[in-house]
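Q: Please take a close look at the metal site in this model, and describe how it is built and which parts of the chain supply it.

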Amino acid sequence: MLIDSHCHLDSDQFDEDREAVIERAIAAGVTRMVAIGTGNGPPDLEAGIRLADRYDAFYATVAIHPHDACKTTPETFRHLAALSRHPKVVAIGEMGLDYHYDFAPREVQRAVFIEQMHIAAEAKKPIVIHTREAWDDTISVIREHWDATLGGIMHCFSGGPKEAQQALDLGFYISFGGILTFPKALEIQEAARLAPVDRILVETDAPYLAPIPKRGKRNEPAFMVETARKLAALRGVSEQAIAESTTKNFHRLCSTFGG
Ligand SMILES: [Zn+2]
Ligand SMILES: [Zn+2]
C-alpha cells in the first residue's frame, strides 16, 4: 500500500477519465491519495474537499497557492479557517513562495503564506510547502512563523542534502516526486539516500512531473510506483519497505492513524 501525498485530481485534465484514473491507482497499490485543494484559487477553496467527500480513497487539503495570492481577501482567510476543520482535511497547503513565475508580488505571496501558517496552527494541522527558486526566503519565513512540533511536508522536494537537513531541522517530512527518477537529479537522489527513514514521503503532483518511463506524459497516481521503486533502489531497501515506511510516516504526521 502506498499513499500519494500530493496530487491534483480535480484538474480538468482528468475530466474525461477521473474514475478510471482512481481505479488504476488503487489497482497499482496507491490506495490513498491527498487531493490538494488549491484548485484555480479563491474564492473556490473546496477543490480537494469535493473529491474527499465523494471518494473514500482521498484525504484533502485546503489552501491558497502562491500563484493565487492576489485573489485573496479577508473573507478568503475566514473561509479557509472554517474549512480547515473539515474531518478529511489532513493538512493545510500547498502554500509558500514561487519566484519562478512570480504571478503575485513577493510581499503579497509572503503575507498570504504567513497568514495561512497562523490558520494551520489554530487548526493544529501540518502544512504543505510549495517553494520554487525561493528556498532561502521560504526557510526563513518558516523558521520565524511556524511551530516545528506541528510539522509539515516539503512537497516535490528538489534540493540536495543541505536543503533536506534544513527542512528536517524545522520538523518537516521530505516528499519525493517524479523528478527523483530523472537522470540529472543527482542532488535530489543524494538527499533521498540520506533522509531518515521516518521522515520520507512519496507523491506524484499529478498531472505534473511524471516519473520515468512516463516522463512528459500526463502524470497520475498509479505512476508513483516508479518513484517508490527508485527510492527503494537508492536506499538499498525493498519496495515493500518503502511502502511501509512512507505510509506509516504519513499517518503519523497527519494523525490519521491508518484510516
Ligand atoms: Zn507545488
Ligand atoms: Zn501541487
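A: The zinc ion (ligand 1) has as its protein donors Glu94 (OE), His130 (ND1) and His155 (NE2), which lie 1.9 to 2.1 Å from it; donors here are N, O and S atoms within 2.8 Å of the metal (3.2 Å for Na, K and Ca), and water is not among the atoms, so sites may look incomplete. This is a predicted model, in which local features need pLDDT of at least 70 and side-chain atom pairs count only at pLDDT 80 or more, while totals for chains, interfaces and linings use all residues. Residues are numbered from 1 along each chain as its sequence is written, chains are lettered from A and ligands numbered from 1 in the order in which they are written, and side-chain values use heavy atoms, with hydrogens and water left out.

Along the chain, the donors of the zinc ion (ligand 1) follow the spacing E-x35-H-x24-H. The two histidines link distant parts of the chain, since His130 belongs to strand β5 (residues 127–132) and His155 to the loop between β6 (152–154) and α6 (161–169), 25 residues apart; helices (H or I, at least four residues) and strands (E, at least two) are DSSP runs, numbered from the N terminus.

Glu94 coordinates both this zinc ion (ligand 1) and the zinc ion (ligand 2), and the two ions are 3.4 Å apart. For the zinc ion (ligand 2), the coordinating atoms come from His6 (NE2), His8 (NE2), Glu94 (OE) and Asp205 (OD), at 2.1 to 2.5 Å. Their spacing in sequence is H-x1-H-x85-E-x110-D. The angles among the four donor atoms of the zinc ion (ligand 2) run from 89 to 179 degrees, and its site is irregular. By the criteria used, four donors count as tetrahedral if all angles lie between 85 and 135 degrees; four count as square planar and six as octahedral if opposite donors are over 155 degrees apart and all others between 65 and 115, and anything else is irregular. As a reference, ideal angles at a metal are 109.5 degrees for four tetrahedral donors, and 90 or 180 degrees for six octahedral ones.

Turning from the metals to helix packing, helix α3 (residues 74–83) and helix α4 (residues 106–123) pack at an angle of about 30 degrees with their axes 10 Å apart, the axes being lines fitted to C-alpha atoms, for helices over the stretch in contact, and angles running from 0 to 180 degrees between N-to-C directions. Phe77, Leu80 and Ala81 of α3 meet Val112, Glu115, Gln116 and Ile119 of α4, where contact means heavy atoms within 4.5 Å.
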